[in-house]
Each structure stands twice: as C-alpha cells, then as structure tokens.
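Open the model in your viewer and keep the selection tool ready. The tour goes stop by stop.

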Amino acid sequence: MSLDLLQQSIFGEINKNAHRLEDQLNADVILYLGGIHPVYFRLFRDFVEKVKSNSGTKDDAIAVFPRTAGGSPEMA
C-alpha cells in the first residue's frame, strides 16, 4: 500500500467519524493535531471562521478535538 493510499484511507475514516459526531453533537467538528503556540492563533481563527461560513448546520456550535503534546496555555 502506498503512502498516498494509506493517507487517503486514514483521512477518509477521520472524515466519516467526524460527520457522525457532527450529527450527534449538532455542531461542526474540528480535529486539531499539533502544537499550541501563539504563532498559530490567526491561522486557526481564520480556519474556524471558514468552517462556520461553509457550515451546513444552523447552530453556531463548533466542537474542537485537540490532540497535542502541549504548548501555550493562553492559546488553548
């Protein structure tokens, strides 16, 4: 199995489960994998705003699932 095919399979499973969570939580779901650092604040904020503007849900709810080794507590 090529790396590209493996990545497609992994992201396909993540997206499938995210859609299930969105239905259960009635919210848009964001999975974040990475460090928490002030330099990412603007990028993350812009991404969240883009998710909401493209959202199909009526509620203004977002569920964020961070998977991180840590970083700046202020940014979290």
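**Stop 1: Asn-26**

Select Asn-26, which counts as partly exposed because its relative accessibility is 40%. Keep in mind that this is a predicted model. Asn-26 sits in the loop between α1 and β1. Check its backbone: phi is near 50 degrees, a positive value in a residue other than glycine.

**Stop 2: the whole chain**

Zoom out and colour by secondary structure. You should find 2 helices and 2 strands in the protein chain. Follow the sequence and the pattern reads α-β-α-β. Along the principal axes, the C-alpha atoms fill a box of roughly 40 × 35 × 20 Å. How many of the 76 residues count as buried? The share is 13%.

**Stop 3: the two strands**

Show β1 and β2 as a cartoon. Strand β2 covers residues 62-67. The two strands run parallel, and 6 bridges join them. Select Asp-28 and look across to β2: Ile-62 stands opposite. Now trace the connection. From β1 the chain passes through α2 to reach β2. Which hand does this β-α-β crossover have? The crossover is right-handed. Go back to the strands and select Ile-30, which has Val-64 of β2 opposite.

**Stop 4: an aromatic pair**

Display the aromatic side chains as sticks. The structure holds 1 aromatic pair. Its partners are Tyr-32 and Phe-44, set edge-to-face. Draw a distance between the ring centres to compare with the computed 5.7 Å; the planes are 80 degrees apart. The pair links distant parts of the chain. Tyr-32 belongs to strand β1 and Phe-44 to helix α2, 12 residues apart. Is Phe-44 buried or exposed? Neither label fits: Phe-44 counts as partly exposed because its relative accessibility is 29%, and that class lies between the buried limit of under 20% and the exposed limit of over 50%.

**Stop 5: the second largest pocket**

Select Ile-14, Asn-15, Ala-18, His-19, Glu-22, Asp-28, Val-29, Ile-30, Leu-31, Phe-47 and Val-51 together. These residues line the second largest pocket. The pocket has a volume of about 200 Å³. Which elements each supply at least two residues of the lining? They are α1 (3-25), β1 (28-33) and α2 (41-53). Helix α1 gives the largest share, 5 residues. Recolour the selection by class: the lining has 7 nonpolar, 2 polar and 2 charged residues. Two stops on this tour meet here. Asp-28 and Ile-30 are part of the lining; in the strand pairing, Asp-28 stands opposite Ile-62 and Ile-30 opposite Val-64.

**Stop 6: Lys-58**

Move on to the loop between α2 and β2 and select Lys-58 there. Is Lys-58 buried or exposed? Lys-58 is exposed, because its relative accessible area is 83%, and the exposed class begins over 50%. Finish with one more distance. Pick the C-alpha atoms of Lys-58 and Lys-16: they are separated by 20 Å. Along the chain, the two lysines are 42 residues apart.

Terms used:
Residues numbered from 1 in each chain as written. Predicted model: local features only at pLDDT ≥ 70, side-chain atom pairs only at ≥ 80, totals over all residues. Heavy atoms only, no water. 1 Å grid on protein atoms, 1.4 Å probe; cavity = no way out; pocket = protein on both sides within 12 Å on 5 of 7 lines; lining within 4 Å. Points joined across faces, edges and corners; volume = space filled by probe spheres on them. Helix = DSSP H or I, 4+ residues; strand = E, 2+ residues; numbered from the N terminus. Nonpolar A, V, L, I, M, F, W, Y, C, P; charged D, E, K, R; others polar. Phe/Tyr/Trp six-rings, centres within 6.5 Å; stacked < 30°, edge-to-face > 60°. Buried < 20%, exposed > 50% of the residue type's maximum accessible area, 1.4 Å probe, protein only. Pairing = 2+ DSSP bridges. Right-handed = clockwise from strand over helix to strand, strands pointing away.
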